[in-house]
Amino acid sequence: MNRYVIGKRAVLSVTAGMLSISTLLSAPQVLADSTSTQALEAQIKLLEEQLQSIRGELDRVKTDTVRNEQKIRENEQSVASVGAQKSAGESGKHMVFFRGGFAHSNHTRNGVSIQSAVAPVGAQDQAGKDAWYIGAGFDFNLTNDVWGFLPGTSVFAELMFEYKQFSNSVSGNALANNPTQLAGGALNPRKVTVSQFTLTAAPKIKFLEGNRFRPWIIPAGLALHVISPPSESITVLQPGVMFGVGADYNIWKAIYVGADARYQLAGGKIDGVNVNGFTVGGYLGIGF
């Protein structure tokens with residue numbers, strides 16, 4: 001019942017009561033001519049009942065008005081709360097992030113233009129096992145409750161790439177000599193950059209949905225590694241599996257900071273080159 005209907009009922013009740021009072025007061029001749037005390041008492045009782053009815057109606061109107069105002073306030077607060085939660089959830093539903101940190105390979109690298117059995121003439125240097133890396137990635141939200149099976153746990157599809165550099169000053173062998181020693185040139189090796197590019201696609205499971213701090217794991221993901229320089233058989237591509245663990249924290253609005261550790265496991269050597277290793281670092285994320 002809205003305020004208009006309640007107010008209309010109250011006005012009608014009050015009007016009826018006033019008409020009764022007016023009728024009673026405007027008919028003195030009836031009271032004067034009446035010799036029956038019972039008739040007068042009946043009229044007074046009727047008037048009291050009408051006044052009591054008016055008073056009750058006014059009390060109900062007052063109570064209904066208070067209740068309606070309270071419900072309106074509660075609805076406004078609920079709408080504001082839902083809007084704020086929706087805005088906060090939408091701002092961090094997906095994420096683009098930028099990574100960087102330390103990398104380590106389980107084995108040293110050889111290749112067609114550095115340490116090589118194919119071109120054993122000249123410098124036969126290798127890069128170290130340690131490297132630095134930079135990269136970026138994209139998290140696409142699939143579900144915030146594992147499709148109804150696990151509330152508070154989100155599943156993301158992550159697409160990520162990274163570039164690792166082990167050295168940019170490894171002395172090249174005869175193939176990387178200026179001019180090539182295979183043609184009888186003097187020893188003048190070029191500097192070779194030893195690097196690796198990795199592209200991965202993986203499911204990422206994030207816990208504590210709705211919290212600023214959210215740990216996550218990558219149970220397993222597909223990885224494709226591109227090595228430079230190529231192997232001694234001129235092969236550059238090696239598939240593998242990636243595992244990861246990390247956490248991010250919402251520092252302000254849609255800005256996140258995080259840290260992660262990932263391990264790359266290849267199916268074997270790529271013509272003598274083993275790309276297994278791990279990375280440890282941090283990232284900056286932007287939710288949207």
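In what order do the eight strands close into a barrel? In this predicted model, the strands follow the order β1-β2-β3-β4-β5-β6-β7-β8 around the barrel, and their pairing is antiparallel. From one strand to the next, the twist averages 25 degrees.

One part of this arrangement can be followed residue by residue. Strand β5, which covers residues 213-228, pairs in the antiparallel sense with strand β6, residues 237-252, over twelve bridges, and Trp216 stands opposite Gly246 in β6.

Strand β7 spans residues 255-266 and includes Gly258, which counts as buried because its relative accessibility is 18%, and buried means under 20%. Leaving aside neighbours within four places in sequence, Gly258 is in contact with Ala247, Asp248, Gly282 and Tyr283. The C-alpha atom of Gly258 is separated by 9.2 Å from that of Pro215, although their positions lie 43 residues apart along the chain.

Charged side chains add further links, and the count of salt bridges comes to ten. In one of them, Glu158 meets Arg262 at 2.9 Å, N to O; Glu158 lies in strand β3 and Arg262 in strand β7, so this pair ties together parts that are 104 residues apart in sequence. Arg262 also forms a salt bridge with Asp260, with their closest N and O atoms 3.3 Å apart. Salt bridges that share partners join these residues into one network, made up of Arg99, Asp139, Glu158, Glu162, Lys164, Lys204, Asp260 and Arg262. Within it, Arg262 counts as buried at 2% relative accessibility, and Asp260 counts as buried at 4%.

Terms used
Residues numbered from 1 in each chain as written. Predicted model: local features only at pLDDT ≥ 70, side-chain atom pairs only at ≥ 80, totals over all residues. Heavy atoms only, no water. Helix = DSSP H or I, 4+ residues; strand = E, 2+ residues; numbered from the N terminus. Buried < 20%, exposed > 50% of the residue type's maximum accessible area, 1.4 Å probe, protein only. Contact = heavy atoms within 4.5 Å. Pairing = 2+ DSSP bridges. Axes fitted to C-alpha atoms, helices over the stretch in contact; angles between N-to-C directions. Salt bridge = Lys/Arg side-chain N within 4 Å of Asp/Glu carboxyl O.
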